[in-house]
Amino acid sequence: MPAFRPPIIPASEITPKTAYLSRRGLMAAGAAGTLAAFLRPPAARAETLTTVPSAYKVEDKVTPRKDVTTYNNFYEFGLDKADPAALSGDFKPRPWTVAVDGMVAKPQTFDIDALIKAFPVEERIYRMRCVEAWSMVIPWDGFPLAALLDKVEPLGSAKFVAFETIVRPAEMPGQNSLFQSLPWPYVEGLRLDEARHPLTLLAVGLYGETLPNQNGAPIRLVVPWKYGFKGIKSIVRITLTDKQPMNTWQAANPQEYGFYANVNPAVDHPRWSQATERKIGEGGFFGASRHPTLPFNGYADQVASLYSGMDLKANF
Ligand SMILES: Nc1nc2c(c(=O)[nH]1)N[C@H]1C(S)=C(S)[C@@H](COP(=O)(O)O)O[C@H]1N2
Ligand SMILES: [Mo]
């Protein structure tokens, strides 16, 4: 996905000292034998979440936790898939607040732990399809974005929801690089009806524990019928607006990435096919076989009506 590759910064220059001193990191290195595992500090504040079951699950085999937490896109921590797990040990997801403002009757700033207590946290097993043509099946823990929006009472004039990731270059080496991979903060947006759709989740955990830093701690968006880049991580602000928000990947490369980004096997990326996908964590020595990608990532029955009458080829 990156338009260019910045020079490789030796990890020893940016990895926190705690990572080297971590016994758990050393033990993991012994087991996994990878450099990334050696560099990875203990997960920050992994806590068990109290969750309620939900009807939202898919038949597909769930991706192993190890793959969900070590194969990541989170450019604030670097461009390689192993970077976020290896380089996010200094990131502090507490204390944390999320401001919800803009066209709402009751703008509010929520403390993350108060938020987690305010709503029942549900387990939801969703497919995730990255625009790079790989996929996972992830057991998220979270609550519907609609529940949070209800608290702030969107005005009738609000038509879209804009999201913003934290900017913290001292803790996020990718924001601290001389070679800017993307403009910060990472931003995203949804139409209000998409944001209110029951599938749209604010995730605060996965596999029954608080979100690891590399997956977007302490709170990130999950929109399972859209390409993964819509799932903005480490959110600090949610703003209701009447204008379609710009999103980071569209701003970076409007030829290749749009606002809607609905998973669509019929619309190829300019540089590769979107007809099939590679399932992370699957496949042995000869690698994983390709699987057909489904319209709206398999959620067409629930969401296709949101786009009736829309030209899905033009609105990619
Ligand atoms: N702030 C921020 N959010 C982000 C990204 C990012 O680089 N920065 N990458 C996106 C992309 S491209 C994908 S595929 C998913 C990956 O989520 P995961 O690492 O939890 O699987 O996060 C999305 N959210
Ligand atoms: Mo992605």
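In the predicted model, a total of 16 salt bridges was counted. One of the ion pairs is formed by the side chains of Asp101 and Arg237, with a nitrogen-to-oxygen separation of 2.1 Å. Asp101 belongs to strand S2, which spans residues 97-102, whereas Arg237 belongs to strand S11, which spans residues 235-241; the salt bridge therefore ties together parts of the protein that lie 136 residues apart in sequence.

The surroundings of ligand 1 were examined next. The ligand is surrounded by 17 residues, of which Asn72, Tyr75, Glu76, Gly231 and Lys233 come nearest. Sorted by class, this shell consists of eight nonpolar residues, six polar residues and three charged residues. The space that ligand 1 takes up is the largest cavity.

Polar contacts to ligand 1 involve both backbone and side-chain atoms of the protein. On the backbone side, an N or O atom of Tyr75 lies 2.8 Å from an oxygen atom of the ligand, and a polar backbone atom of Asn73 is found 3.2 Å from a ligand nitrogen atom. A side-chain contact is provided by Thr165, a polar atom of which is placed 3.0 Å from a nitrogen atom of ligand 1. The ligand would expose 540 Å² if taken alone, and the protein buries 99% of this area. Tyr75 thus appears in two descriptions of the site, being listed among the residues that come nearest to the ligand and supplying a backbone atom at 2.8 Å from a ligand oxygen.

Backbone geometry was then considered in the loops. A cis peptide bond occurs between Arg94 and Pro95, where omega is near -10 degrees. Pro95 is located in the loop that connects helix H6 (residues 83-87) with strand S2, the strand that also carries Asp101 of the salt bridge described above. A further cis peptide bond links Trp184 to Pro185, with omega at about 0 degrees. In this case the proline is situated in the loop between strand S6 (160-165) and strand S7 (187-191).

A positive phi angle was found at Glu153, a residue that is not a glycine, with a value of about 55 degrees. Glu153 is placed in the loop between helix H8, which comprises residues 145-152, and strand S6. Strand S6, whose range is 160-165, is thus preceded by the loop that holds Glu153 and followed by the loop that holds Pro185.

Conventions. Residues numbered from 1 in each chain as written. Chains lettered and ligands numbered in written order. Predicted model: local features only at pLDDT ≥ 70, side-chain atom pairs only at ≥ 80, totals over all residues. Heavy atoms only, no water. Near = heavy atom within 4 Å. Polar contact = N/O pair within 3.5 Å; in protein donor to acceptor, adjacent residues only side chain to side chain. Areas by Shrake-Rupley, 256 points an atom, 1.4 Å probe, with all protein chains shown as cover. 1 Å grid on protein atoms, 1.4 Å probe; cavity = no way out; pocket = protein on both sides within 12 Å on 5 of 7 lines; lining within 4 Å. Sits in = over half its atoms within 2 Å of the grid points. Nonpolar A, V, L, I, M, F, W, Y, C, P; charged D, E, K, R; others polar. Salt bridge = Lys/Arg side-chain N within 4 Å of Asp/Glu carboxyl O. Helix = DSSP H or I, 4+ residues; strand = E, 2+ residues; numbered from the N terminus.
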